[in-house]
Amino acid sequence: MSEQLRDAAGRHCPAHLDAREVREPKDWPGAWWAHFPALSGYASALPAVTYRLDRAHRDRDRARARVRRECQVRRHLDPTLPATSWRFVAELPDGELIGELRAHERSDELLLGFPLPGRCHLALDGVLVAPAYRLLGIGRRLVAALTAEMARCDMPSAHAVADEAGVGLLRRCGFRVESGGAAVMRFELPVSGEPRLRW
């Protein structure tokens, strides 16, 4: 494939540098603004093709391309977990775990305060991908596996609390931000000797 690629002047790229086509800013290492939507005004013209000069980066790119090709996503059924637990894993052929999604079923009665027999939804606990393999679409594949299983099991909705990159991932996978101010809250045990607040 890389032998067919040519630069804007019609020249072949060096054969040993793994040339690849540039279709969007994220395909080009020089597009530093690609991961910051607020800085889109800095965008410049993209080259037709790109490649890495640094051998360590080339080796890393080759390893990531192999992971993208070989990674398998499946639902993991663990007999030691409750039937209401949902777990999906992303694995390499040798069994190495590189990503995981966990969710659990939650009854609508807990939210609404009155009985609704048989009605429940999913609460998404988290989507994790090993740092070396992020931005390969593995998180999106895990969420796609979850939504496909929801359709198969007639599960009407899933709820999630996310921040920063997690919000972007879930929005791209079809989640919508709900109105109604959720608050990020934290509880910490007091350090001994620290005065306690009295209201």
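This passage looks at the sheet, the nonpolar core and the cysteines of a predicted model.

The sheet comes first. Its 5 strands form an open arrangement with mixed pairing, running in the order β3-β4-β5-β6-β7. The edges go to β3 (72–75) and β7 (158–160); each has a single partner strand, so one side of each is left without a neighbour in the sheet. On average, neighbouring strands are turned by 25° against each other, direction ignored. Further in, β4 and β5 run antiparallel and are joined by 7 bridges. Across this pair, F88 sits opposite L101 of β5. Then there is α3, which packs on the sheet and touches β3, β4, β5, β6 and β7. The helix direction makes about 140° with that of β4.

What holds the middle of the picture is the largest nonpolar core, a set of 23 residues. Inside this core, the residues with the most contacts are W86, I98, L101, L122, I138 and L146. At least two core residues come from each of β4 (85–91), β5 (97–107), β6 (120–129) and α3 (138–153). The biggest giver is α3, with 5 residues. As for I98, leaving aside residues up to four places away in sequence, its contacts are V67, C71, A90, L92, L128, V129, A130, Y133 and I138.

That list brings in C71, and with it the cysteines. C71 is buried, at a relative accessible area of 1%. C173, on the other hand, is partly exposed, with a relative accessible area of 21%. As for disulfides, the structure holds 0.

Note on methods. Residues are numbered from 1 along each chain as its sequence is written. This is a predicted model: local features need pLDDT of at least 70, side-chain atom pairs count only at pLDDT 80 or more; totals for chains, interfaces and linings use all residues. Side-chain values use heavy atoms; hydrogens and water are left out. A disulfide is a pair of cysteine sulfur atoms within 2.5 Å. Buried means under 20% relative accessible area, exposed over 50%, partly exposed in between (1.4 Å probe, protein chains only). A nonpolar core is a set of buried Ala, Val, Leu, Ile, Met, Phe, Trp, Tyr and Cys residues joined through side-chain atoms within 4.5 Å. Helices (H or I, at least four residues) and strands (E, at least two) are DSSP runs, numbered from the N terminus. Contact means heavy atoms within 4.5 Å. Two strands pair if DSSP finds at least two bridges between them. Axes are lines fitted to C-alpha atoms, for helices over the stretch in contact, and angles run from 0 to 180 degrees between N-to-C directions.
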